Amino acid sequence: MAYDEGLAARLRSLLADEPGLTEKRMFGGLAFLLGGHMAVAASGRGGLMVRVDPARTPELVALPGVERMVMQGREMDGWLRVSGRPEVDDLPEADLARWVAEGVGFVRTLPPK
């Protein structure tokens, strides 16, 4: 499955003013990196991939449409998959902006690569 081009465009727009933004094809999707760290991605499996503070994972997965990312058969704290109804590209702009802010806020706490 290819990533959602509409979602990628919306992410690009929300992140346009972020210093140090790069885009990279990763995990079959399109990732948006800040300081070399992935903040969000239009996932190749569908939906939105978001990097968050691992300590906040239990709180955030309790929200509708949010689950831990599964990588190599393991659930990963700090990596979330967000799906909308019926698709993530249908998320209201305010909701998408909130998820982008979650990802950006966390990766800005990390040292640049």
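Helices H1 and H3 pack at an angle of about 65°, with their axes 10 Å apart; helices here are DSSP runs of H or I with at least four residues, strands are E runs of at least two, and both are numbered from the N terminus. The axes are lines fitted to C-alpha atoms, for helices over the stretch in contact, and angles run from 0 to 180 degrees between N-to-C directions. The model is predicted, so local features need pLDDT of at least 70 and side-chain atom pairs count only at pLDDT 80 or more, while totals for chains, interfaces and linings use all residues. Residues are numbered from 1 along each chain as its sequence is written, and side-chain values use heavy atoms, with hydrogens and water left out.

The crossing of H1 and H3 is right-handed, a term for the near helix being turned clockwise from the far one by less than a right angle (anticlockwise would be left-handed). On the H1 side, the contact (heavy atoms within 4.5 Å) is made by Leu-7, Arg-10, Leu-11, Leu-14 and Leu-15. H3 contributes Glu-93, Leu-96, Ala-97, Val-100 and Val-104.

Glu-93 belongs to H3, which covers residues 93-107. Leaving aside neighbours within four places in sequence, Glu-93 is in contact with Arg-10 and Leu-14. With Arg-10 there is also a polar contact between the two side chains, at 3.0 Å. Such a contact is a pair of N or O atoms within 3.5 Å; within protein, one must be able to donate a hydrogen and the other to accept it, and residues adjacent in sequence count only if both atoms are side-chain atoms. Because its relative accessible area is 41%, Glu-93 is partly exposed, the class between buried (under 20%) and exposed (over 50%), with a 1.4 Å probe and protein chains only.

Further along H3, a second glutamate has other surroundings. Glu-102 counts as buried because its relative accessibility is 16%. Not counting residues up to four places away in sequence, Glu-102 touches Val-50, Arg-51, Val-52, Arg-56 and Leu-60. Also buried in H3 are Leu-96, Trp-99, Val-100, Gly-103, Val-104, Phe-106 and Val-107. The geometry of H3 is as expected: 15 residues at 1.5 Å a residue should span 21 Å, and the end C-alpha atoms are 21 Å apart, which agrees; the expected span is 1.5 Å times one less than the number of residues.

H3 also gives the most to the largest nonpolar core, with six residues. A nonpolar core is a set of buried Ala, Val, Leu, Ile, Met, Phe, Trp, Tyr and Cys residues joined through side-chain atoms within 4.5 Å. Of the 25 residues in this core, Leu-11, Val-40, Leu-48, Val-50, Val-82 and Trp-99 touch the most other members. Helix H1 (5-15), strands E2 (29-34), E3 (37-42), E4 (48-51) and E6 (74-82), and H3 are the elements that give two or more residues to the core. Apart from this core lies another, of nine residues, among them Met-69, Met-71, Met-76 and Trp-79.

Two loop residues complete the picture. Pro-54 lies between E4 and helix H2 (57-61) and is partly exposed, with a relative accessible area of 37%. Contacts of Pro-54, leaving aside neighbours within four places in sequence, are with Asp-77, Gly-78 and Phe-106. The C-alpha atoms of Pro-54 and Trp-79 are separated by 7.6 Å, although their positions lie 25 residues apart along the chain count. Gln-72, in the loop between strand E5 (66-71) and E6, is exposed, with a relative accessible area of 84%. Gln-72 has a positive phi of about 50° although it is not a glycine.
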